Structure formats: structure tokens, C-alpha cells
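Student: I would like a close look at one part of this model, namely its salt bridges. Which side chains pair, and how exposed are the partners?

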Amino acid sequence: MTIERIGAMSVDELQVEWAARFGLDAPALGTDQLRLGLAYRLQEQRHGGLSRSTRNLLLQTIALKSKRAVAPPPVRKLTVGTRLIRDWHGVGHTVTVLEDGFEYEGKRWGSLSAIARAITGSRWNGPLFFGLGSRNK
């Protein structure tokens, strides 16, 4: 099975393949969603699924959203080389995580908040500005 083959399948073929790959009937999804789900499953089977830490983070987030959890999910540690991208008033801004800070527009910065302030001209919580935090306490 290849992703190209999935792209050429009819709805009936997609549903049969779904049952074979997932071991249950295909959900009532549109053709594009079935293709995306099968392509992900194929990738997962060939290259492995989500890491344990990512699965745990997703489960904690689901629990929090359903109000079963009392604590917010843990803050994810940014790994060196991660790129944070933020659009601000139609301009894209890219920040790269370094071992000892951040790189933005060719300069080293000590905090995301300092970068957010340089971009916006006002005080911001840097992790919140770059989508790493939550406004809800």
C-alpha cells in the first residue's frame, strides 16, 4: 500500500482498507478525511507512532478540556533547533531555540518575551505570544 494508491481509491475501497488497517468499520467521514487517516496509519505502521511524552501530553490535554483534570498539562521543554513561527499583522516571524536562548533576525535573545516585545512594541508573555502557553489559569 502506498500513499499514492490511497489517493486513487474510491470511498468503498477506502472503507475496506480502513477496516483492514484499524480493525474496525470506517467512521462516517468524508473521502478526504478517510484518506488522511489511512495515510497517517500507513506512516505510523512504517515509522512508528507518537512518542510516549506526546501521547501523555495529549491525554492530559483531553482530560483538562473535559474538566477531569485539576492541573494544566506540563509545559513542554523546547529542544534546541525548534522553530517557533508567529504571524503578526501579516508578517511572519521565526524564532529558533538555541542551547542558551533564542535566535531572531540574526540576534541572540534571552527570552521569548523580549522577542515578543520587539515584534509588537508592547509587553507580552513570550510563551503565550508564540502559542506555548494558555491564558486560562
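Tutor: For the discussion of accessibility, a residue is termed buried when its relative accessible area is under 20%, exposed when it is over 50%, and partly exposed in between. The model is a predicted one, and it holds 4 salt bridges. As a general matter, side chains of opposite charge can pair when their charged atoms come close.

Consider first the pair formed by aspartate 100 and arginine 108, whose closest N and O atoms lie 3.0 Å apart. Aspartate 100 has a relative accessibility of 60% and therefore counts as exposed. Its partner, arginine 108, stands at 61% and is likewise classed as exposed.

Another salt bridge joins the side chains of arginine 5 and glutamate 13, with an N to O distance of 3.4 Å. Here glutamate 13 is partly exposed, because its relative accessibility is 32%. Arginine 5, at 36%, also falls in the partly exposed class.

A further salt bridge links glutamate 17 to arginine 21, and the closest N and O atoms of this pair are 2.8 Å apart. Both residues belong to helix H2, which spans residues 11–22. Within helix H2 they are 4 residues apart, so about one helical turn separates glutamate 17 from arginine 21. Glutamate 17 has a relative accessible area of 15% and is therefore buried, the cut-off for that class being under 20%.

In summary, the aspartate 100 bridge has an exposed acidic partner, the glutamate 13 bridge a partly exposed one, and the glutamate 17 bridge a buried one.

Conventions. Residues numbered from 1 in each chain as written. Predicted model: local features only at pLDDT ≥ 70, side-chain atom pairs only at ≥ 80, totals over all residues. Heavy atoms only, no water. Buried < 20%, exposed > 50% of the residue type's maximum accessible area, 1.4 Å probe, protein only. Helix = DSSP H or I, 4+ residues; strand = E, 2+ residues; numbered from the N terminus.
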